[in-house]
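Q: I should like to learn how to read this structure. Please guide me through the sheet first and the ligand afterwards.

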Amino acid sequence: MAHIIIVGNYQELSNKAADIFLQQLKSNPKSVFGLPTGETPLELYNILANAYRKYGYDFSQISTFNLDEYVGVKATHKQSYHFFMYKNLFNHINIKKVNIHIPDGCASDLNRHCLAYENLIQTHPIDLQILGIGRNGHIGFNEPGSPADSITRVVNLSAQTIKDNARFFNSKKDVPQQAITMGIKTIMSAKKIILLASGQNKAEAVYSMIESKISEQCPASLLRNHPNVYIITDNSAASLLHKNKISKYLVSS
Ligand code: PGA
């Protein structure tokens, strides 16, 4: 069952997510976290970096698994999710490099790598998975139509995503066409999940996730079958929700 927390703005959303993250860390210093990239978690990562620098939180025993990575983009490329994670989080906390896991989009045998990544997650179950949501309801790179029983695998990027990404790469041939992503089943195997949605441009996705019927056409809606999921949205992202209809899921922040 989903718990829905509606807060005033992006800062409050990030504070709330950080509270849950740091509570998890305190309750088990060896926690395993699932992590997203994207704009949404940036302030959360900033708060976590501060928690280390200013308040002495210790990240030395945690492990992390990232949700996804582009195929064919080197870890050193500025658009890679490897680069993003080091720049925005890992370089600023005392996590051990050996405990950081991000899919390798340049692995020589991608399918084998995906299976190994999946197996590693199953043997190191994720305590807390953090997610963003795409405007089309995707989670990770699980686009609409992704099977509920999907595991870590290579997926083709949608024409829209390829077009949107073109501006970040020097030439057309460098724009990734595929990505590795945890599957829906992989994500659902986490013990606890928090999904963050901020801004008006996520309002339709949030509405479909919460109020439409549960369907692979809106991958995020499948999370409603998870026993321990928290959806944290700001007022803008929650603007299409009918609060009277979903009142039993609302949790006060
Ligand atoms: P965003 O991406 O945080 O940059 O909005 C979320 C997503 O597409 O999953």
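Q: What is the order of the strands in the open sheet?
A: This is a predicted model, in which local features need pLDDT of at least 70, side-chain atom pairs count only at pLDDT 80 or more, and totals for chains, interfaces and linings use all residues. Residues are numbered from 1 along each chain as its sequence is written, and side-chain values use heavy atoms, without hydrogens and water. Strands are DSSP runs of E, at least two residues long, numbered from the N terminus, and two strands pair if DSSP finds at least two bridges between them. Here 7 strands form an open sheet in the order 1-10-9-6-2-3-5, with parallel pairing.

Q: Why is one side of strand 1 and of strand 5 left without a neighbour in the sheet?
A: Strand 1 (2-7) and strand 5 (100-101) stand at the edges, and each has a single partner strand, so one side of each lacks a neighbour.

Q: In which sense do strand 2 and strand 6 pair?
A: Strand 2 (residues 32-35) pairs with strand 6 (residues 128-131) in the parallel sense, over 2 bridges. Within strand 6, Leu 128 is the residue opposite Phe 33.

Q: Which strands pair with strand 8 in the antiparallel sense?
A: Strand 4 (residues 68-70) does so over 3 bridges with strand 8 (residues 178-181), and strand 7 (residues 153-156) over 4 bridges. Ala 179 of strand 8 is the bridge partner of Tyr 70, and Val 155 also stands opposite Ala 179.

Q: Which residues are around the ligand?
A: A residue counts as near a molecule if one of its heavy atoms lies within 4 Å of it. The residues around the ligand are Gly 38, Glu 39, Thr 40, Gly 132, Ile 133, Gly 134, His 138 and Lys 202.

Q: Which polar side-chain atoms lie close to ligand oxygen atoms?
A: A polar contact is a pair of N or O atoms within 3.5 Å. A polar side-chain atom of Thr 40 lies 2.5 Å from a ligand oxygen atom, and one of His 138 lies 2.7 Å from a ligand oxygen atom.

Key
Polar contact = N/O pair within 3.5 Å; in protein donor to acceptor, adjacent residues only side chain to side chain.
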